[in-house]
Amino acid sequence: MSTDKQPETTVKVEKRINGKWCFVIKYRGVTYPAQGNFTSMLQAQAAAQLALKTLERQS
């Protein structure tokens, strides 16, 4: 078993109680707070992908 494996990266898009959409990113073992108040799931997915690309560029 290898211990140098990087923690997984996940992007989760979910609907809030108020009917708006948000996303949560887990990147390299760090879970970032839910972001957004989007009117559609597609908007939340697009914003999540942009945020993930930004995180990847910073590392």
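This report walks through the fold of a small set of strands and one helix, in a model that is predicted.

## The overall layout

Let's start with the order of things. The protein has 1 helix and 4 strands, and along the sequence they come in the pattern β-β-β-β-α. In other words, the strands are followed by the helix at the end of that pattern.

How much of the protein is buried? Of its 59 residues, 17% count as buried. The protein exposes about 4,600 Å², and carbon and sulfur atoms supply 54% of that area. As for links along the chain, take the contacts with a separation of 6 or more: residues 24 or more positions apart account for 22% of them.

## Strand β2 and its partners

β2 (21–27) is a good place to get your bearings. This strand is mostly covered, with 6 of its 7 residues buried. It pairs with β1 in the antiparallel sense over 6 bridges, and V13 stands opposite F23 of β2. The hairpin of β1 and β2 has 5 residues between the strands, and G19 takes a positive phi near 90° there.

β2 also runs antiparallel to β4, joined by 2 bridges. Here W21 stands opposite F38 in β4. Another 2 bridges join β2 to β3, again antiparallel, and in this pairing Y27 stands opposite V30 in β3.

## The turn at R28

Now look at the loop between β2 and β3 (30–31), which is where you'll find R28. The hairpin of these strands has 2 residues between them. Phi of R28 is near 55°, a positive value in a residue other than glycine. To put that in context, most residues other than glycine have a negative phi. R28 is partly exposed, because its relative accessible area is 40% and the partly exposed range runs from 20% to 50%.

## The helix and its two sides

Helix α1 covers residues 41–58. At 1.5 Å a residue, its 18 residues should span 26 Å, and its end C-alpha atoms are 26 Å apart, so the two figures agree.

Which residues of α1 are buried? They are A44, A48, L52 and L55. Seen down the helix axis, the buried residues fall within an arc of 70°, so they line one face of α1. The spacing fits a general rule: an α-helix has 3.6 residues a turn, so residues three or four places apart point the same way. The cover over the buried residues of α1 includes β1 (10–15), β2 (21–27) and β4 (35–38).

Turn to the face pointing away from the buried side and you'll meet the exposed residues L42, L50 and R57. A46, also in helix α1, counts as partly exposed, because its relative accessibility is 49%, under the 50% that exposed residues exceed.

## Where strand meets helix

What makes up the largest nonpolar core? It has 6 residues: F23, I25, Y27, A48, L52 and L55. The elements that give two or more residues to this core are β2 and α1.

F23 is worth a look of its own. Leaving out residues up to four places away in sequence, F23 touches a list that includes K12, V13, P33, F38, A44, A48 and A51. A46 and F23 are 23 residues apart in sequence, while their C-alpha atoms are 9.9 Å apart in space.

Definitions and conventions: Residues numbered from 1 in each chain as written. Predicted model: local features only at pLDDT ≥ 70, side-chain atom pairs only at ≥ 80, totals over all residues. Heavy atoms only, no water. Buried < 20%, exposed > 50% of the residue type's maximum accessible area, 1.4 Å probe, protein only. Contact = heavy atoms within 4.5 Å. Areas by Shrake-Rupley, 256 points an atom, 1.4 Å probe, with all protein chains shown as cover. Expected span 1.5 Å × (residues − 1). Arc of directions from axis to C-beta. Pairing = 2+ DSSP bridges. Core = buried A, V, L, I, M, F, W, Y, C linked by side-chain atoms within 4.5 Å.
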